[in-house]
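This briefing walks through a single-chain model, beginning with its charged pairs and then turning to the overall fold, the nonpolar interior and the surface. Please keep the sequence and the coordinates at hand while reading.

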Amino acid sequence: MDEFVITAIRLALAHVIGDFYLQTAKMAEDKANRGFRSLHLLWHSVVLGLLSWILLFSWSLWWVFPLVFVLHYCIDGLKAMFKDSALLFFIDQVVHLLSLLLVAFLVAERNEYTVLAVRPELYLLGFLVVGRPAAFAVRKVVLGVFGSESLAGTPNAGFTIGIIERCLI
């Protein structure tokens, strides 16, 4: 695989870990309610920028940290201006991925670091995506189609069962 693809995989991995595993429901709610005034948005963007830089395994790519920070901060801050929905969630994720592809392109163009083997990262990304992000996406769609009363019952039971099922498959 070339540097662009490997860089894109590493940045996507940082995004999935930061957005779906390190961000709490409280942080997401505060970001949605306060937008650019949210300290959680600021902290979350710092974590995403730092994680992106760390997963590239190169000190010379220090500039990825502020770039991803600014991009993530702007995207999530703008998202807070709209009513939450499944469509907004998917648009948000597409815009984040497009911004990460732009960063991957800039990194690959500079040819500043040596690529390590990508297989473990690709498997880890796949494993992490079928966990919380897939469960979150399914929940957004179900809420949009059936409404909140369809999710009554044991809280998070379906969420946990869905993650286990996808990991087993």
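A salt bridge is taken here as a side-chain nitrogen of Lys or Arg lying within 4 Å of a carboxyl oxygen of Asp or Glu. By this rule the chain, which is a predicted model, has two salt bridges. The points below take up these pairs before moving to the rest of the chain.

**Salt bridges**

- Lys31 and Asp76 form a salt bridge in which the closest N and O atoms are 2.7 Å apart, and the pair links distant parts of the chain, with Lys31 in helix α2 (residues 25-34) and Asp76 in helix α4 (residues 64-79), 45 residues apart.
- Both partners of this bridge fall under the 20% limit for burial: Lys31 counts as buried because its relative accessibility is 9%, and Asp76 counts as buried because its relative accessible area is 5%.
- The side chains of Lys79 and Asp92 also meet in a salt bridge, at 3.6 Å from N to O, and this pair joins Lys79 in helix α4 to Asp92 in helix α5 (residues 86-110), 13 residues along the chain.
- Here the partners fall into separate classes, because Lys79, with a relative accessible area of 25%, is partly exposed, whereas Asp92, with a relative accessible area of 4%, is buried.

**Overall fold**

- The chain contains eight helices and zero strands, so that, under the numbering of elements from the N terminus, its order reads α-α-α-α-α-α-α-α.
- Of its 169 residues, 40% count as buried, and the chain exposes about 9,900 Å², of which carbon and sulfur atoms supply 72%.
- When contacts between residues at least 6 apart in sequence are considered, 77% of them join residues at least 24 apart.

**Nonpolar cores**

- In soluble globular proteins, nonpolar side chains tend to be buried together.
- In this model the largest nonpolar core has 12 residues, namely Ala8, Leu11, Trp53, Leu56, Leu61, Trp63, Val64, Val68, Leu100, Val103, Ala104 and Val107.
- The elements that give two or more residues to this core are α1 (3-21), α4 and α5, and α5 gives the most, with four residues.
- Ala104, one of the members of this core, touches Phe4, Thr7, Ala8 and Leu11 when residues up to four places away in sequence are not counted.
- A second, separate core of 10 residues includes Val16, Leu51, Leu125 and Leu128.

**Nonpolar surface patch**

- Phe4, Val5, Val94, Leu98, Leu101, Leu102, Phe105 and Leu106 make a nonpolar surface patch of about 640 Å².
- Helices α1 and α5 each supply at least two residues of this patch, with the largest share, six residues, coming from α5.
- Val94, which belongs to the patch, lies in helix α5 and counts as partly exposed because its relative accessibility is 47%, a value that also passes the requirement of over 30% for patch residues.
- Helix α5 therefore appears in each of these topics, since Asp92 of the Lys79 pair lies in α5, the largest core takes four residues from α5, and the patch takes six residues from α5.

How values were computed:
Residues numbered from 1 in each chain as written. Predicted model: local features only at pLDDT ≥ 70, side-chain atom pairs only at ≥ 80, totals over all residues. Heavy atoms only, no water. Buried < 20%, exposed > 50% of the residue type's maximum accessible area, 1.4 Å probe, protein only. Contact = heavy atoms within 4.5 Å. Areas by Shrake-Rupley, 256 points an atom, 1.4 Å probe, with all protein chains shown as cover. Core = buried A, V, L, I, M, F, W, Y, C linked by side-chain atoms within 4.5 Å. Patch = residues over 30% accessible without salt bridge, like charges linked within 9 Å, V, L, I, M, F, W, Y side chains within 5 Å.
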